Amino acid sequence: MIRRSAIIASAVAVLAIAGCNSKDDDSSPTPTPTPTPTPTASATPTYAAFPLTAASELFSVSASTSYSGDPTVGPVTLGTAGTDGFSNRVRFALQNTVTSAQTAETVVRENTEENRFTGADLLTAPAAGVTEYVYRETTAPTTPGAFYQLDLLNNTVSGAVTSDAALALSRVTYAGWWRGESTAGTKRVTYATMGYPTLNTDMPTTGTVTYTVRVAGRSVVAPAAGASSVEKLGGTATLTINYATGLVTLNMTLTRGATAYGTFTGTGAITAGNNQFTGSFGTGSTAGGTFQGLAYGPQAAEIGISFAITGPVAGGDSRAVGVVVGKKS
């Protein structure tokens with residue numbers, strides 16, 4: 001809205017008083033108007049970008065679950081699954097150079113739990129032909145069955161970014177952290193998105209945006225009897241955000257290996273001037289769950305969502321956590 005101001009000049013009447021000794025009054029000087037200040041244009045925000053140019057610590061939006069027991073010999077005991085908004089609860093220290101000779105540590109931390117990996121732990125090195133690079137460390141035979149694995153989207157290491165254009169994102173990345181204390185002990189799975197969040201003042205407020213997205217995650221399925229399965233999630237997803245009304249619509253058709261996992265229809269809300277949103281999977285979904293999202297980069301150019309699923313799917317009771325990442329179509 002443009003505001004206009006009017007300056008009203010008032011005439012000053014000078015009263016002459018007649019008399020023997022009368023004098024003319026001095027005229028008051030006319031005040032000089034104060035110039036209207038010229039508004040200063042707001043600076044366009046700038047954002048860092050992937051791949052990294054130096055080692056960096058990043059906070060995240062995360063989802064986590066747990067299970068106990070040996071999945072190869074029978075049903076496991078499933079823990080809870082849930083999501084958390086953007087915070088330092090799950091954070092990462094990533095290296096900009098990753099090789100088998102790397103001695104600098106890649107670190108992942110959730111509350112007080114922490115893993116540190118070097119090049120000696122590389123299971124899959126960054127390369128154009130892979131979508132994730134992977135660290136894996138095992139402590140056997142000291143602790144039989146203990147393991148620590150970190151899967152990272154391959155868009156953070158210069159010169160080795162994935163050739164998959166949909167995943168060569170420049171403002172958001174993701175990681176999956178899978179670890180276990182022992183063969184029969186507790187295992188935990190955490191997935192998280194991280195990167196360079198959109199400033200609240202730089203968020204869109206109008207229009208409907210469709211994002212081209214990919215999904216990744218891990219599921220645990222525990223049947224009533226027999227071995228349980230722990231597998232990576234894949235599949236397809238669609239995401240639209242109406243920045244005028246705040247409606248977020250997320251649809252996922254997930255698979256675990258070559259097996260269908262389920263279809264999930266979710267809705268959420270993003271408030272004006274906020275870069276975060278929450279939602280849940282409702283009617284028509286194979287199982288229930290929640291999701292948390294965060295906009296990344298200029299004008300929410302990219303998006304990152306963490307999700308958690310709880311409930312029966314084909315094959316038994318299940319828990320799953322994962323991420324959806326992508327960019328404006």
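**Exercise 1. Locate Asn275 and describe its surroundings.**

Asn275 sits in the loop that runs between β13 (259-269) and β14 (276-281); strands here are DSSP runs of E with at least two residues, helices are runs of H or I with at least four residues, and both are numbered from the N terminus. Before going on, note that this is a predicted model, in which local features need pLDDT of at least 70 and side-chain atom pairs count only at pLDDT 80 or more, while totals for chains, interfaces and linings use all residues. Residues are numbered from 1 along each chain as its sequence is written, and side-chain values use heavy atoms, leaving out hydrogens and water.

Step 1: accessibility. The relative accessible area of Asn275 is 11%, so Asn275 is buried (buried means under 20% relative accessible area, exposed over 50%, partly exposed in between, with a 1.4 Å probe and protein chains only).

Step 2: polar partner. A polar atom of the Asn275 side chain lies 2.7 Å from the backbone oxygen of Thr198.

Step 3: contacts. With neighbours within four places in sequence left aside, Asn275 is in contact with residues including Pro197, Met203, Ile270 and Leu294 (contact means heavy atoms within 4.5 Å).

**Exercise 2. Work out whether Thr173 is buried or exposed, and find its side-chain partner.**

Step 1: place Thr173 in strand β8 (residues 172-180).

Step 2: read its relative accessibility, which is 1%, so Thr173 counts as buried.

Step 3: look for a partner. The side chains of Thr173 and Asn155 are joined by a polar contact of 2.7 Å. A polar contact is a pair of N or O atoms within 3.5 Å; within protein, one must be able to donate a hydrogen and the other to accept it, and residues adjacent in sequence count only if both atoms are side-chain atoms.

Step 4: list the touching residues. Not counting residues up to four places away in sequence, Thr173 touches Asn155 and others, among them Phe50, Leu153 and Met194.

**Exercise 3. Count the salt bridges, then say which parts of the chain three of them tie together.**

Step 1: apply the rule, a side-chain nitrogen of Lys or Arg within 4 Å of a carboxyl oxygen of Asp or Glu. The count comes to 16 salt bridges.

Step 2: take Arg116 and Glu105, whose side chains meet at 2.7 Å, N to O. Arg116 belongs to strand β4 (residues 113-117) and Glu105 to the loop between β2 (77-94) and β3 (106-110), so this pair ties together parts 11 residues apart in sequence. Arg116 is partly exposed at 41% relative accessibility, and Glu105 is partly exposed at 34%.

Step 3: turn to Arg188 and Glu113, whose closest N and O atoms are 2.8 Å apart in a salt bridge. Arg188 is in strand β9 (residues 186-195) and Glu113 in strand β4, so the parts they tie together are 75 residues apart in sequence. Both residues also belong to a network of salt bridges that links Asp84, Arg89, Glu110, Glu113, Arg179, Glu181 and Arg188.

Step 4: finish with Glu132 and Lys232, which form a salt bridge of 2.5 Å, N to O. Glu132 lies in strand β6 (residues 132-138) and Lys232 in strand β11 (residues 229-242), so the pair ties together parts 100 residues apart in sequence. Glu132 counts as buried at 11% relative accessibility, whereas Lys232 is partly exposed at 34%.
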